[in-house]
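Trainee: I'd like to learn how to read side-chain features in a model like this one. Could you walk me through it?

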Amino acid sequence: MDMSRSLFQEAQKYIPGGVNSPVRACGSVGYDPVFINRASGSKVYDVDGRKYIDYIGSWGPMILGHAFPVVVDAIRQAAERGTSYGAPTDMEIEMARLIVDAIPSIDMVRMVSSGTEAAMSAIRLARGYTKKNRIIKFEGCYHGHADSLLVKAGSGVATLGIPGSPGVPEELAKLTITVPYNDIKAAESAVDLYCDDLACVIVEPVAGNMGVVPPAFGFLEGLRKITAERGILLIFDEVITGFRLTYGGFQNIAGIEPDITCLGKIIGGGLPVGAFGGRKDIMEQLAPMGPVYQAGTLSGNPLAMAAGIATLNCLQKTGVYEALEEKTVRLCAGIEKILEEKGSSRRINRVGSMFTLFFTQEDVTDFTSAAKSDAKLFSRHFGKMLAGGVMIAPSQFEASFVSLAHTDEDIDATLTAFS
Ligand code: KE4
């Protein structure tokens with residue numbers, strides 16, 4: 001038996017499902033998870049010594065590639081000065097300044113330790129600021145596993161086909177209204193219906209958790225208009241898109257200023273991190289300045305700050321996002337050419353260096369259309385790529401990520417595995 005399989009058996013004795021996050025279990029594609037021993041650049045190496053070209057990228061953070069020397073050195077140097085103090089450091093100011101300088105809608109920012117904490121705290125802040133209780137989210141969008149946000153969520157919730165989650169009180173779940181993504185008319189009707197008690201609308205400006213689904217023309221602009229007109233806060237969850245598509249948020253590209261933005265993943269360089277930030281008058285409602293309580297033992301942790309600062313400094317270099325775009329365009333064009341030669345019609349949704357190949361013949365513009373993808377064909381595709389030395393997300397409802405470390409040879413090898 002190979003080491004991965006025996007480790008998985010051992011893991012299941014102590015860890016529910018043998019994994020510390022459900023989507024890693026690979027159950028939906030009918031495979032046992034591959035246990036990773038190490039990673040470098042665009043590659044991950046499993047415990048049996050097999051090498052894979054990696055497009056999971058830790059679900060987004062590894063935009064520079066794995067074990068990027070500058071990032072590793074920054075973590076090492078920080079660790080030699082201690083790993084956590086429970087007291088403020090200058091690195092937290094540097095990280096906050098980098099985020100504020102990169103994203104115009106953010107006047108102030110609070111660090112946390114996960115995207116879930118960022119979204120959960122943003123929702124609480126919106127409710128505290130507006131003194132309203134209801135929230136609107138979009139079907140297939142995933143904002144972490146806080147109770148209010150697990151309703152019709154994407155990512156692992158969609159992958160496992162569970163409608164929401166037991167354990168979320170009905171009284172709380174009914175305060176969350178869900179609307180189809182990209183349906184601005186449905187969003188406007190829901191806002192009109194509930195605006196008397198509506199704190200916020202939260203959205204992934206480019207959806208990554210039903211697979212990649214770009215915003216329809218006018219969708220985000222429409223959300224900004226209908227929320228601003230009614231004093232409802234607009235929250236952009238940029239945990240995936242933050243610093244993925246440009247040096248800043250997708251909001252910089254779209255030219256839209258949300259009231260609060262959630263960040264994570266890339267800003268931690270692979271260490272546990274999240275952040276939420278926005279307008280000064282809103283952020284000042286947070287303790288200790290204001291009454292909305294939010295806290296975290298490891299928020300702004302020195303190692304995560306060191307890794308994140310090193311990562312963001314590298315991403316400021318000229319040509320970074322052009323290089324990511326070029327690599328991803330080449331890969332996706334290659335896939336489409338192979339599909340055309342095979343006469344297989346599929347759909348690729350791509351924004352920058354994140355993309356998803358959907359096993360459906362229809363355009364994918366929301367969760368309903370994403371869910372029409374053929375799960376069996378996707379599972380077969382997952383297995384074929386794995387056998388070909390390519391690691392993709394074990395779910396149709398996730399994104400593939402290209403990093404700066406992916407080379408032409410990697411892309412050619414990926415296309416060979418795909419053929
Ligand atoms: P975390 O709590 O997992 O750090 O972040 C939650 C989150 C919030 N917002 C968005 C847009 C996200 O994509 C996520 C988490 N992403 C998933 C993968 N798409 C995490 C993978 C997992 O659950 O293991």
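Trainee: Let me start with rings. Which residues form one aromatic cluster?

Mentor: Before that, keep in mind that this is a predicted model. The cluster is made up of F138, Y181 and F219.

Trainee: How many aromatic pairs does the count come to?

Mentor: With ring centres within 6.5 Å as the rule, the count comes to eight aromatic pairs.

Trainee: And what describes a pair of aromatic rings?

Mentor: You give the distance of the centres and the angle of the planes. Take F8 and F35: their centres are 6.4 Å apart and the planes make 55 degrees, a tilted pair. F8 belongs to helix α1 (residues 3-14), while F35 is in the loop between α1 and β1 (36-40), so the pair ties together parts that are 27 residues apart in sequence.

Trainee: Is F8 buried or exposed?

Mentor: Buried: its relative accessibility is 8%, and the cut-off for that word is under 20%.

Trainee: Let's try another pair. What are the distance and angle for F367 and F397?

Mentor: That one is tilted too, with 5.4 Å centre to centre and 50 degrees between the planes. F367 sits in helix α13 (residues 367-370) and F397 in the loop between β13 (390-391) and β14 (400-401), so here the pair ties together parts that are 30 residues apart in sequence. As for accessibility, F367 counts as partly exposed at 23%, whereas F397 is buried at 13%.

Trainee: Rings can have charges over them as well. Which residue has its charged end over the ring of Y45?

Mentor: R38 does, with its charged end 3.9 Å from the centre of that ring. You can look at F418 in the same spirit: K342 lies over its face, 5.7 Å from the ring centre.

Trainee: On to the ligand. Which residues around the ligand come nearest?

Mentor: Start from the list of neighbours, then look at individual atoms. There are 17 residues around the ligand, and S21, T116, N209, D237 and E398 come nearest. By character, the shell divides into five nonpolar, eight polar and four charged residues.

Trainee: Where do I find polar atoms facing the ligand's nitrogen atoms?

Mentor: Look at two side chains. A polar side-chain atom of N209 is 2.5 Å from a nitrogen atom of the ligand, and one from K265 is 3.1 Å from a ligand nitrogen. The backbone takes part in the picture too: an N or O backbone atom of G115 is 3.0 Å from a ligand oxygen. Taken on its own, the ligand has 530 Å² of accessible area, and the protein covers 86% of that.

Trainee: You mentioned K265. What is its phi?

Mentor: Phi is a backbone angle to check residue by residue. For K265 the value is near 50 degrees, which is positive in a residue other than glycine. K265 is in the loop between β9 (260-264) and β10 (274-278), and at 24% relative accessible area K265 is partly exposed. Now compare W59, also not a glycine, with a positive phi of about 70 degrees. W59 is in the loop between β3 (51-54) and α2 (69-79) and counts as buried at 17% relative accessibility.

Trainee: What about omega? Where is the peptide bond cis?

Mentor: Check the bond from A287 to P288, where omega is near 5 degrees and the bond is cis. P288 is in the loop between α10 (280-283) and α11 (302-315).

Trainee: Last topic, a polar residue inside the protein. Is N349 buried or exposed?

Mentor: Buried, at 11% relative accessibility. N349 is part of strand β11 (residues 347-351). The thing to look for is a polar partner: a polar atom of the N349 side chain lies 2.9 Å from the backbone oxygen of V212.

Trainee: And how do I relate sequence separation to spatial separation, say for T365 and N349?

Mentor: Read the two values side by side. T365 and N349 are 16 residues apart along the chain, and their C-alpha atoms are separated by 9.1 Å. T365 is in the loop between β12 (354-358) and α13 and is partly exposed at 40% relative accessibility. For M385 and F138, the values are 247 residues in sequence and 31 Å in space, C-alpha to C-alpha. M385 is in helix α14 (residues 375-387) and counts as buried at 4%.

Definitions and conventions:
Residues are numbered from 1 along each chain as its sequence is written. This is a predicted model: local features need pLDDT of at least 70, side-chain atom pairs count only at pLDDT 80 or more; totals for chains, interfaces and linings use all residues. Side-chain values use heavy atoms; hydrogens and water are left out. Rings of Phe, Tyr and Trp (its six-membered ring) pair if their centres lie within 6.5 Å; planes under 30 degrees apart count as stacked, over 60 as edge-to-face and the rest as tilted. Helices (H or I, at least four residues) and strands (E, at least two) are DSSP runs, numbered from the N terminus. Buried means under 20% relative accessible area, exposed over 50%, partly exposed in between (1.4 Å probe, protein chains only). A charge sits over a ring if NZ of Lys or CZ of Arg is within 6 Å of the ring centre and within 35 degrees of the ring normal. A residue is near a molecule or strand if one of its heavy atoms lies within 4 Å of it. A polar contact is a pair of N or O atoms within 3.5 Å; within protein, one must be able to donate a hydrogen and the other to accept it, and residues adjacent in sequence count only if both atoms are side-chain atoms. Accessible areas come from the Shrake-Rupley method with a 1.4 Å probe; for residues, only the protein chains shown count as cover. Ala, Val, Leu, Ile, Met, Phe, Trp, Tyr, Cys and Pro count as nonpolar, Asp, Glu, Lys and Arg as charged, and the others, Gly among them, as polar.
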